[in-house]
Amino acid sequence: MLLFQPIPAKLISPSSLPCQRSRRRRRRARPPSASINVGSGNDDTFTKYSGYLFRNGVSSEAEFLTEYDVSAIAGIYRRKPLLVLRRFTQISATFGRWFAQRYLDSVNERSDEMFKIRAAELRMILLELGPAFVKIAQAVSSRPDVIPPAYLEELSLLQDRIAPFSTEEAFRIIEKELGMPVDMLFSEITPEPIAAASLGQVYQAKLRTNGKVVAVKVQRPGVQAAISLDIYILRYLAGVARRVGKLNTDLQAVLDEWASSLFREMDYRAEARNGKKFKELYGGLKDVLVPEMYIDLTSQRVLIMEWVEGKRLSEVKDLYLVEVGVYCSLSQLLDYGFYHADPHPGNLLRSSDGRLAYLDFGMMGEFKQELRDGFIEACLHLVNRDFDGLAKDFVTLGLLPPTAQKDEVTKALTGVFQNAVNKGVRSISFGDLSGNLGVTMYKFKFRIPSYFSLVIRSLAVLEGIAIGFDPNYKVLSSSYPWIARKVLTDSSPKLRSTLQTLLYKDGMFQIDRLESLLTESLRARTEDTLDRDQAAESDDSRTKAIKQVLSFTLTEKGAFVREILIQEIAKGIDALSVATFESVTLTTASRLPLFIPYASSSTTLGKEDITNLRTLRRLLMILSTLQKPGSEVQQLRVDYSEENKINSVEEVSLVLNEMSSAPDLLPIISVFPELPSESQQQLLQLPVDLASRLLSRAVARTIRRLFN
């Protein structure tokens, strides 16, 4: 919405303003009226060209709707067919002229020459058509990898540089909404707005009661009536487009979701409540700033909140704060499900004290628990190339109908995502994932749920901002480590089941996947590891991460993963003991004079035992590499690409070799004294649990041999 930043503006007493003095003299003489009238001499572009939409009470009914109601809006404008026709003609003619000019540019081979001019004209067209079209443009103005630079530069001007309406009208709205004269509310206020946007404009003021500096946000007159009419027209066009194009996505439902959010954004009382809730949930996160809301001084069209000074996040090029934003966004989406659905550059800024400040809480979203779990599962299945599981996730998330042919969908998704995933999680971008997905979505009747576009946008905007100054930045690369840690630590039964399924395929433990999850989780820039002056992969940050992983594994919260690890270690040690016993027996017997060697005497270990030995070796290698900077996952995969060719004797030798490097584990062991007492007690219990598992396996193995 709006950007609050230091400017050479001077706070003055409201009573010193000419418009304020004249209003005070005529306040009692002005009769109350529901109709909206705005000045004509200094009208902004939208009012000048489209003011007929709300002037003289033409659409006063729509102006006072308390929430988005399709039937109510339709009922209002069906009674005004000439107004609808005039607006439809204006929209069509305005865009029609622009597209015609673009076509003539291409015919005359002047497209490149006129590119920047047409971009500027498009911005003016959006301003002329008003708030609904400006909001749509803002939704795509943060994607430098999608929008041409010339258009991006022009559309970015829509964030906070829209022409304001008159201050006299703004003060009139403040007094009407709050029921008090401006000079009784504020001891000082700027004579002109500090910033203006599609829905309203902001003044800087000082509260008379406590002297605090605040932002006073005043809604643009007639904005709700104008948006209602445009949504009515766009909804009709969306229905026509779906029928003509035979689209699977319910475009009208998507538009309704966006419109509902937009209507909530126009109710400043709801925005104040949202801001308060957002501050309670995320205001305590490291380097996150959420301004205080003055709910008692807020009405439907006037909002008073704490003043925040800063600069646009996209202008300061602070990648650290982008990481803070990624962490905060993931916390919003996956921890609480209450997320900021409109994080465009005008709503994200670097405060004067270096924190990431969130503004404008009018457009928020709710992400239900089952969808949160489904989103995490989809990320895990994508990264681990489990496209069959990904197809099922798409059904859970509502992207695919339950009747879809899963096998065919899996094959199609493999073709779409394989190349992108093969680059590694750190190289995957939203552009990679959207490659050929459009054709697949059409073929298998994909649909875009109304919530989905807002969720994806909340992350895509951050990637778009970062790409502006780091073309190689990938938000999924920053997100996946956090997701990996989430799935390892979350107590949700559904996520535990997902982890169990992920780690065991056909009963075989998938050590590669555990290795990937652990290694990626150590890259997670969580609140404890976020540090502006500390490199992401420094020894200190990795020590902190290792401490966090150990703390988790040794607590009740990590019991599930701990049980898996103890079980796999017990299997490996059991196989090692059997192999060692047989090796010693074979060596001793070979020294006897009557020993007769035979071809299979080198081992009697089965395939399962060899696999368990291999798993133990990999676990030991993970422990020895956790404290080393940089990712070791790829290196380990290379080292073991030929592991199936290794026999049991060689496997035993390799395991013993890993055990001989026990001193390398001292950096990890050194953090044990720093662990909580609960974790230390659990650590002392580990040998007992491990011995119990080993005894059970030894007894079971003995019984099997007796009866075989």
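A helix, in what follows, is a DSSP run of H or I at least four residues long, and helices are numbered from the N terminus. By that numbering, Asp574 lies in helix α26. I will come back to Asp574 after an overview. Please keep in mind that this is a predicted model.

First, the chain as a whole. The protein chain has 31 helices and 13 strands. Of its 708 residues, 52% are buried. The area that the chain exposes is about 32,500 Å², and carbon and sulfur atoms supply 56% of that area. Now take the contacts between residues at least 6 apart in sequence: 74% of them join residues at least 24 apart.

Back to Asp574. Is this residue buried or exposed? The relative accessibility of Asp574 is 5%, and the cut-off for buried is under 20%, so Asp574 counts as buried. What does Asp574 touch, once its neighbours within four places in sequence are left aside? The contacts are Leu694, Arg697, Ala698 and Arg701. With Arg697, the side chain of Asp574 also makes a salt bridge, at 3.4 Å from N to O. This pair links distant parts of the chain, since Asp574 is in helix α26, residues 559-590, while Arg697 is in helix α31, residues 677-706, and the two residues are 123 apart. The partners differ in cover: Asp574 is buried at 5%, whereas Arg697 is partly exposed, with a relative accessible area of 23%.

That is one salt bridge; the structure holds 22. I will show two others.

One is in helix α6, residues 111-129, where Glu121 and Arg118 sit 3 residues apart, about one turn of the helix. In general, an α-helix has 3.6 residues a turn, so residues three or four places apart point the same way. The side chains of Glu121 and Arg118 meet in a salt bridge of 2.9 Å, N to O. Arg118 is buried, at 8% relative accessible area, and Glu121 is partly exposed, at 26%. The pair is part of a network of salt bridges that links Asp105, Arg118 and Glu121.

The other joins Asp353 and Arg355, with the closest N and O atoms 2.9 Å apart. Both partners are partly exposed here: Asp353 has a relative accessibility of 48%, and Arg355 has 28%.

Next, the strands. Four strands, in the order β5-β10-β9-β7, form an open sheet with mixed pairing. Its edge strands are β5, residues 288-289, and β7, residues 310-312, and each of these pairs on one side only. Helix α15, residues 319-336, packs on this sheet and touches β5, β9 and β10. The direction of α15 makes about 45° with that of β10. Within the sheet, β9, residues 348-351, and β10, residues 356-358, run antiparallel and are joined by 3 bridges. If you want a place to look, Leu349 stands opposite Ala357 in β10.

Another strand pair is β4 with β6. Strand β4 covers residues 213-219, and its pairing with β6 is antiparallel over 5 bridges. Val214 stands opposite Glu306 in β6. Strand β6, residues 302-306, is mostly covered, with 4 of its 5 residues buried.

Now a helix with a known span. Helix α16, residues 369-383, has 15 residues. From first C-alpha to last, α16 reaches 22 Å, close to the 21 Å expected at 1.5 Å a residue. How many of the 15 residues of α16 are buried? The count is 13, and the helix is mostly covered.

Last, the backbone. Most residues other than glycine have a negative phi. Which way does phi go at Arg385, just after α16? Arg385 takes a positive phi of about 60°, although it is not a glycine. Arg385 is in the loop between α16 and α17, the latter being residues 387-396. At 37% relative accessible area, Arg385 is partly exposed.

Asp360 also has a positive phi of about 60° and is not a glycine. Asp360 lies in the loop between β10 and β11, where β11 is residues 364-366. With a relative accessible area of 3%, Asp360 is buried.

Terms used. Residues numbered from 1 in each chain as written. Predicted model: local features only at pLDDT ≥ 70, side-chain atom pairs only at ≥ 80, totals over all residues. Heavy atoms only, no water. Buried < 20%, exposed > 50% of the residue type's maximum accessible area, 1.4 Å probe, protein only. Pairing = 2+ DSSP bridges. Salt bridge = Lys/Arg side-chain N within 4 Å of Asp/Glu carboxyl O. Expected span 1.5 Å × (residues − 1). Contact = heavy atoms within 4.5 Å. Areas by Shrake-Rupley, 256 points an atom, 1.4 Å probe, with all protein chains shown as cover. Axes fitted to C-alpha atoms, helices over the stretch in contact; angles between N-to-C directions.
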